[in-house]
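Q: Please take a close look at a single part of this structure and describe how it sits among its surroundings. I am a first-year student, so kindly explain each term when it is used.

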Amino acid sequence: MTRTVDLVIPDSGPLISLAHARRLDLVLVFDRPVVIPDIVKLECLKKPGSPDHDVLADWFTRMSNSIRIENTGMGGVYQAALERERSGEEPRATSGYGDAALAYMLRRLDLIAGADAIPLVLLEDSKATRSLQRYDRAHILSTRTWLYSLERAQVIPSADQIIAQMKHAGRDLSTVQVDRPGQDDPFASGWLRHIASKEPGIAKPDPDDQIKK
C-alpha cells in the first residue's frame, strides 16, 4: 500500500545549505506541509549579516502557509540566550539548543507526522542519523542523497551543480549520505513517489525507482 509522507526538518543544516544554493524551493516538492521546529527557524535567522540570512527570512515569510513551525517550548529561552550572545554577555549562550530541539523532534515523530503518514526526516547531523536508527518507522534522508535522488527523479538537472553552488557561496555540504527507508515502505526511495511535479516538463518519478548506493 502506498503511504503518504510528512517531511520533518529537525536540523538547520539542510535549510542553510539549500539557501546558499538559492534552492529552498526544493523543500516543497511534496504536496504536504513541511514541519520545522521553532529553534531551527531561529537558528536559520541567527546571523542577519550572513549571506543566506535574507534568503531564509524571505522564504520563511513567503512559505508561511506551506510550512508548519513546531513549538518546542524552548523558543523563548533560545531567543533570550541569543540576546545574551549578541550583547557579548555570554558568547556561546545558544550552544546546545539545536541538539535539544532535534532530540525533542525525534522523540515526538509519531505525534508530529500524521497517523497515516511515514515521517521523512531530512538532516545533515551524523549523530542524529545514528540515533534515528532506533526509530524504524521513519525514512532517514541526508541532504546529499536527497539531491542525488531528485536528480534521478528528473526534478533537478544536476545535484552536483547545486552542491557546487553551495560551495561557491561558502557552504561545504555535509558528507553524510544515507537513505534508510521506513519499515512501512520497503523501497529505499519509496518517498520519491510522493513528489509533486509543479512545472511542465518535469517527469514524475518511477514508483519502483530505488537509490543506488
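A: Two strands pair if DSSP finds at least two bridges between them. Strands (E, at least two residues) and helices (H or I, at least four) are DSSP runs, numbered from the N terminus. The model is predicted, so local features need pLDDT of at least 70 and side-chain atom pairs pLDDT 80 or more, whereas totals for chains, interfaces and linings use all residues. Residues are numbered from 1 along each chain as its sequence is written, and side-chain values use heavy atoms, with hydrogens and water left out.

The part chosen here is strand S4, together with the elements around it. Strand S4 covers residues 117–123, and its partner, strand S5, covers residues 139–142. The two strands run parallel and are joined by four bridges. Within this pairing, Leu122 has Leu141 of S5 standing opposite.

Is S4 buried or exposed? Seven of its seven residues are buried (under 20% relative accessible area with a 1.4 Å probe and protein chains only; over 50% is exposed, and in between is partly exposed). Strand S4 is therefore largely enclosed by the rest of the structure. Its residues point in two directions: Ala117, Pro119, Val121 and Leu123 one way, and Ile118, Leu120 and Leu122 the other way. Both groups are buried.

Helix H8 (residues 143–152) is one neighbour of S4. Seven of the ten residues of H8 are buried, which leaves the helix mostly covered. These buried residues are Thr143, Arg144, Thr145, Trp146, Leu147, Ser149 and Leu150. They pack against S4 and S5, and also against helix H1 (12–20), helix H9 (159–168) and strand S6 (179–180); contact here means heavy atoms within 4.5 Å. Just after H8, Gln154 takes a positive phi of about 65°.

Helix H1 is another neighbour of S4. Nine of the nine residues of H1 are buried, so this helix, too, is largely enclosed by the rest of the structure. The residues concerned are Ser12, Gly13, Pro14, Leu15, Ile16, Ser17, Leu18, Ala19 and His20. Besides S4, they pack against strand S2 (34–37), helix H2 (38–44), H3, H8 and H9.

The packing of H1 on helix H3 can be described further. Two packed helices are described by the angle between their axes and the distance between the axes. The axes of H1 and H3 (residues 53–62) come within 9 Å and cross at roughly 110°. Such axes are lines fitted to C-alpha atoms, for helices over the stretch in contact, with angles running from 0 to 180 degrees between N-to-C directions. The two helices are therefore roughly perpendicular (65 to 115 degrees; under 35 is roughly parallel, over 145 roughly antiparallel, and the rest oblique). Leu15, Ile16 and Ala19 of H1 make the contact with Val55, Leu56, Trp59 and Phe60 of H3. Of these residues of H3, Trp59 and Phe60 are both buried.

Finally, this part may be placed within the whole protein. The protein has nine helices and six strands. Of its 213 residues, 54% count as buried. Among contacts with a separation of 6 or more, 69% come from residues 24 or more positions apart.
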